Amino acid sequence: MPSSLPPAPAVPAGADPAFERFARLVRRQLRVPVALVTFVSADEQVFPGALGLSEPWQSTRRTPLSHSFCQHVVRSAEPLVVSDARLDPLVADNLAIPDLGVIAYAGIPLTDADGRVVGSLCAIDSRPREWSEDDLAVLVDLAGACSSEFQLRSAQRRAADAGALAEESSAETRRLLADQEIDRSRWALALQAGRVGTFDLDLATGELAVDDRLLELSGMTRAGFSGRPEDVYAHVHPDELPDVVARVQRAIRTGGAYDAEYRVVLPDGAERWVSAHGQVAGGEDGTSARLVGVVHDTTARRRSLELAVQTLESMAVGYLAMDGDGRVSYVNGEAERALGRPRVELVGGVVWELFPATLGTAFEAGYRRAAETGRPCTFDAWYPEPLNAWYEVRANPEHGGVALYFTDITERVRVQQRSDLLGEVSRELNSMLDPEQAVARLARLVVPALADWCVVTLVDDDQQAGSRRGLRDVGWWHADPALLPVVEAYARERIPALKDTSFVSRVLVTGRPATVPAEATERIQAVLLPGRAHDLLGELTPESFAILPLPGRDRTVGLLSLFNGGARAPISAAELQVAADIAGRAGLALDNARLYRQQRQLAEGLQRSLLTGPAVPDHVQIVVRYTPAAEAAQVGGDWYDAFVQPGGSTIVTIGDVLGHNTEAAAAMGQLRSMLRAIAVTTDARPAEVLTRVDEAMATLQTRTNATAVVLRLEQTAEQAQRGTSTVRWSNAGHLPPMVIAPDGTVLSLSAPRADLLLGVDDTAQRREREVALDPDAVLLLYTDGLVERRDSDLDAGLERLRDALADLAGLDLEELCDQLLARLLPDDVDDDVALIALRLRPHGPPA
C-alpha cells in the first residue's frame, strides 16, 4: 500500500473545463454542496475541478496538505468514506473541518496510465451523511472516467511534444486528437448513464453507428438495423417521439448536448423506459461533426419513481420536497389541498418566498435544523393568513434537501384549546372562595378564545323573571386593549338602558341562548333606550353575538354575552357548545354559592340565637367573640357560656360539637343547655358537671360527641384578704385554657393527659384541677379554629397563640380579643371560632 505522495502531476493549477464538468456531475448526481477533482503532491493539493468551495479556496484552487483529506486516498490507494469527520480519528484534527466545512467525505482514487494514484474525485457535505451504495457506485464510475480524462491529457501532452517531428504527421495527429476528443465525450456521457449502450451519428452522412446493447434496449436486431436514425425512431413510443426528435435536432443545431428519457415499444408490445445522453463533437480542423452518446435502461428506476409517486399521492399527509436552497421540487395532492394552492404555483418556487410567514418561526427553525443536522425534526406550528391553520410537520433530510410531511391539525388543536379553556374555567371557579368574583373573571378567559369581547352578568337571588331589577354586569373584556375602556363603560350603562324586548330579557325568561349572526349593532341598538349605552355600542360595532344563560338548579343565575366584530366569523356551533359548557359550570358554581349563603345564614342565625350573652359578675370582666367559618357548610358546633351558680361561684364553659353543619349547631344547643341546667341546679364542681352531662347524654341517647372545658371561679375569705382567686377546672378533650399573669407571663392550664370527649363513655372518670391566680390575671378559653391550620400542626398553632398573648398582655380585654383574632385568623377562615376571656377582680357579691 503506497505511503508516500507523488510529485506534482502535470495539470493546470487553475480551473479546467473538463474537470469542472466532472465536479458538476458529482454535485448533481450525489446532491452535495461541494465536489472536487483533486491532484495531490508532496507539498499541496490542487483543484482543477471544483464547485461549491468558499473563498479564497475557490479562487486559488489549492490548499496545503493540512487541509487535505485526499492525501489519505493517494497514500492508501483506496477509497476514503467518512460519515462525520469530527468523529473519525484519521481526519478529526484536519483543518479542512473548521476552514472548509468538511464534515462528510467520499473520495475515490484517480490513476495515471501506469495505475498510480495521483488524486481523488470527491464528494463533500457540510453535515453528517451516510453514503449509500448508489452514491459510491456513481462516484466510482465518475472517477474511472475522470482518470481516463487525466490519462488522455497526458497522451495529448506527449503527442504535442512529438508535434515537432515531421509536418506530414500533423494531419494524423489531428485525426488522433479528434478521435480522442470523441472518446473523451463518450466517457463523460457514459459516466452519466451508467456506461451502457452507445451511439455515434455522423452529421455529414447521416449514418448512425450503435452497439449491440443499444440495439437490445431499443428492441432491434443487427439484421434489422439499416444504420439510419429512423430505425431507432420507429421504436420510440409515439407520445414521446416528437420531443425526442426535437431534442436531437436542437443539439445538432446548437452544437450542444442532447438529453431525453422516453419509452421504447418492444416487439411484444411491452414498454421500456430508457435515458439517452448525447454531445456534438468534432467539426473543427477538417474533422466531421458527430453526435455521440449513450443510452441506459431506466425502467426499474422509473417504475420505482412511479410507485413512489403513487404512494405520495395516496397519502393523507401533505408532502413537499425542496432542495438545499429551499426550492420546491415536488408537491403531492394532499399538500395542494392543505396549502390551498395548485402545484403548478409551488413547484420551482423558493419556500421562503412562497410562504414568507415561515421566516423567523418554528417552521424555519425546524427546516434549517433538519438540513444542518441531517436528522428529522418534528414540531407543531401556527401559520397565519391566508392559511390560518395549525400544522404538525416532520422535516426529513432527503436527497440533499429537506422533505416536509405535514398534516392540518387545526381542529385537533382547537379541541385541545377548548378542553384547556374548560379546565382553566373549572380551576378558576374552584380556586376562589367568592364564586361571584370567579364568574366575573370568565370574560378574560373566553376572550379571544371564543369571542372578540364579552360581558358577564349576574342575577340577584330576589330578581323577578324577565325583570331588569337585580341584574348586574360584573365582568367584561376585549381583545383590543384600546376598546377595553369602551366595553367597561358600556357594561356600566347597558342594564338601565335595556328595553323589555331586549335579548337579555328574552334569555332570562326562556332560559335558552339567543344568537344573532349578522347586523348585531343595529339589532341591539333597536332594543336599547337612546343614550350613552346606545352610542357606546356604536363604537364597539359588533357584527354578531350570542347570549347564553348561566343555569342554576331552578333558575337562571347569570348571563354570558359573547360579541364578534366584522373581521371574525359568527360563533360556530362547536364554539357555542364550549360556551354552553362554561356557562353551565359557572351557573352551578353561582347556584351552589346561593345555597351556601342560605345555609350559612340559617346555621349562623341558629348558632347565634343559642349563644346568649354571658353573666356579668362583679368580680370578673367577661368578653366573648364568635367568628363563623367562611364557608356556610362549616358553621356548626362551637359554643361558650358564663353564669353564676347558687353558691356564688362563676361557671365559665367552652365546647365544640364534632361536625360542621346545622345538625352540629342543634346538638350544640342541646349540650349547652344540658350543661347549664346541671351546673345551676346542683351547684356541682366542674368534674361532677361533666360526669352528669355524660350520664344524661347516655340516658337520652344523644348520638354526638363534643369537647368541653368547665371552669369555676372561687374565693375563700383568706383569698379575699390577699386578693387572689381559685380557678377549678375539668377538661373533656378540649384545648387547654391559657392564663396571662399580671406580669405578662403566659401559661396553659393543661394536664399530662386529657380526659375523654363527652359522649364516648359515660362511666369514664373525670379529673379536676385547680390553680390560684392573682387579681388582673386573664383567662382565655377558645375553640380549635383559633389555632389549627391545614399547613401546620397543633403544637405550632398553640405556640403562635402563646406568642400573641405575650405580645398583647396589658391591653384592655376587649381590644386584646379583637387583636388576637386579627393576628391569628387567616382571611379564609375554614372553621368557626369561639372564645371567652375573663379578667379577675377582687371577689364580691355577684351582679
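This is a short walk through one predicted model, covering its confidence, its nonpolar cores and its cysteines.

I will start with confidence. The protein chain has a mean pLDDT of 83, and 85% of its residues reach 70 or more. Two stretches need a caution. Across residues 186-195 the pLDDT is below 50, and in the model this stretch has 31 contacts beyond near neighbours in sequence. Residues 843-847 also stay under 50 in pLDDT; for them the model has 10 contacts beyond four places in sequence. Where pLDDT is low, predicted coordinates should not be read in detail.

Now the cores. Which residues touch the most other members of the largest nonpolar core? They are Trp453, Tyr490 and Phe545, in a core of 32 residues. Helix 18, residues 484-497, supplies the largest share of this core, with 8 residues. Apart from this core lies another one, of 28 residues. Val331, Leu346, Val393 and Phe406 are among its members.

Back to Phe545 for a moment. Leaving out residues up to four places away in sequence, Phe545 touches Phe503, Ala514, Thr515 and Val516. The list continues with Ala520, Ile524, Leu562 and Phe563.

Last, the cysteines. How many disulfides does the model have? The count comes to 0, with a disulfide taken as two cysteine sulfur atoms within 2.5 Å. Are Cys146 and Cys377 buried or exposed? Cys146 has a relative accessible area of 1%, which is under 20%, so Cys146 counts as buried. Cys377, at 6%, is buried because its value also falls under that 20% cut-off.

That is the end of the tour.

How values were computed
Residues are numbered from 1 along each chain as its sequence is written. This is a predicted model: local features need pLDDT of at least 70, side-chain atom pairs count only at pLDDT 80 or more; totals for chains, interfaces and linings use all residues. Side-chain values use heavy atoms; hydrogens and water are left out. A nonpolar core is a set of buried Ala, Val, Leu, Ile, Met, Phe, Trp, Tyr and Cys residues joined through side-chain atoms within 4.5 Å. Buried means under 20% relative accessible area, exposed over 50%, partly exposed in between (1.4 Å probe, protein chains only). Helices (H or I, at least four residues) and strands (E, at least two) are DSSP runs, numbered from the N terminus. Contact means heavy atoms within 4.5 Å. pLDDT is the predictor's confidence in each residue, from 0 to 100.
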